[in-house]
Amino acid sequence: MTLFFHELRRARLSLIIWTGVIAFMLGVCVMIYPEMSAQMEDVSQMFSDMGSFSAAFGMDQLNFGEFMGYFGIECGNVLGIGGALFAAITGVTALSKEEKDRTAEFLLTHPISRTRVITQKLMSVVAQIVILNAIVAAVTALCIAVIGESADVQAVTLLLLSYLLLQLEIAAITFGVSAFLKGNGIGIGLGLAMMLYFLNIVANLTEEAEVLKYVTPFGYTDSAYIINEHALKGEYLAVGAVLTVIGIAAAYWKYRKKDIA
């Protein structure tokens, strides 16, 4: 487990910054709700009448004037986009950074198999994502308690769980991509995360494009469905699980036989 803890120490500054920024922004979103609640009814009506724009972000299915509707849209976007970008960066640099930083020769001359290298690096990626989400969940719960709002605990829990699963899927896919890279892949990771986000927006705009929700993990983080049904869509989760396994399997397949510079 030496490599696992080494990877956590190596990534601690990035983890602290990303966790702090996402938790702070999410906390601010929750804390300002009481100040905004008086105007929320008018805002909710305005957003619900904006046609395709409202549909793209699920504003036509949630009451923005109620706390859960506000939380699902505003806070969900903060954690969804921020968490996805963090997961993409963490995953796509996990294996490729050894060649980029010229540390591959030092690492692979140690008595440790490539399988163990992959496994412990993957465990480090998962640990970082879990730590980020645990802290964010704690900050969210604290801020909700401070403002005294009556939140739907089950819906909030499912929303936070859906974003955790989204981040794990994106991290697994980019982790697989990292095994094929020799240089800095941050741009690829960020581009992939944003592409998946915009695919979900396109899927929300028209029924003909709804099939895209099977491709993007943002499909099972639909706050309107989660809040109204108190469930996650199993068919989207199943596809996501398959893509997660494929990403991890690709990392093992490629990195174990890769000619590393």
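Let me start with one residue, Thr-216, which at 2% relative accessibility counts as buried, where buried means under 20% relative accessible area, exposed over 50% and partly exposed in between, with a 1.4 Å probe and protein chains only. Before I go on, please keep in mind that this is a predicted model, in which local features need pLDDT of at least 70 and side-chain atom pairs count only at pLDDT 80 or more, while totals for chains, interfaces and linings use all residues. Residues are numbered from 1 along each chain as its sequence is written, and side-chain values use heavy atoms, with hydrogens and water left out.

Thr-216 sits in the loop between helix H10 (186-205) and helix H11 (223-229); helices here are DSSP runs of H or I with at least four residues, strands are runs of E with at least two, and both are numbered from the N terminus. What does the side chain of Thr-216 reach? One partner is the backbone nitrogen of Phe-218, at 3.1 Å, and a polar atom of the same side chain lies 2.8 Å from the backbone oxygen of Leu-196. Both are polar contacts, that is, pairs of N or O atoms within 3.5 Å, where within protein one must be able to donate a hydrogen and the other to accept it, and residues adjacent in sequence count only if both atoms are side-chain atoms. Leaving aside residues up to four places away in sequence, Thr-216 touches Leu-196, Leu-199 and Asn-200, contact meaning heavy atoms within 4.5 Å.

Now to the chain as a whole, which has twelve helices and zero strands. Of its 261 residues, 48% are buried, and among contacts between residues at least 6 apart in sequence, 78% join residues at least 24 apart.

Helix H8 (residues 114-147) holds Lys-121. Is Lys-121 buried or exposed? At 1% relative accessibility it counts as buried, and its side chain makes a polar contact of 3.1 Å with the side chain of Glu-7.

Two packed helices are described by the angle between their axes and the distance between the axes. The axes of helix H5 (residues 67-93) and H8 come within 11 Å and cross at roughly 160 degrees, the axes being lines fitted to C-alpha atoms, for helices over the stretch in contact, with angles from 0 to 180 degrees between N-to-C directions. That makes H5 roughly antiparallel to H8, since angles over 145 degrees count that way, under 35 as roughly parallel, 65 to 115 as roughly perpendicular and the rest as oblique. Residues making this contact include Phe-67, Phe-71 and Phe-86 of H5 and Val-125, Ile-129 and Leu-132 of H8.

H8 also packs with helix H12 (residues 234-256), their axes coming within 9 Å and crossing at roughly 145 degrees. Among the residues in that contact are Arg-114, Val-117 and Leu-122 of H8 and Ile-248, Ala-251 and Tyr-255 of H12.

Ala-251 comes up again with Gly-176, which touches Gly-247 and Ala-251, not counting residues up to four places away in sequence. Gly-176 lies in helix H9 and, at 4% relative accessibility, counts as buried. Gly-176 and Ile-246 are 70 residues apart in sequence, yet 7.9 Å apart in space, C-alpha to C-alpha.

As for H9 itself (residues 153-178), its 26 residues at 1.5 Å a residue should span 38 Å, and its end C-alpha atoms are 37 Å apart, which agrees; the expected span is 1.5 Å times one less than the number of residues. Asp-152 caps the N-terminal end of H9, with a side-chain oxygen 3.3 Å from the backbone nitrogen of Gln-154.
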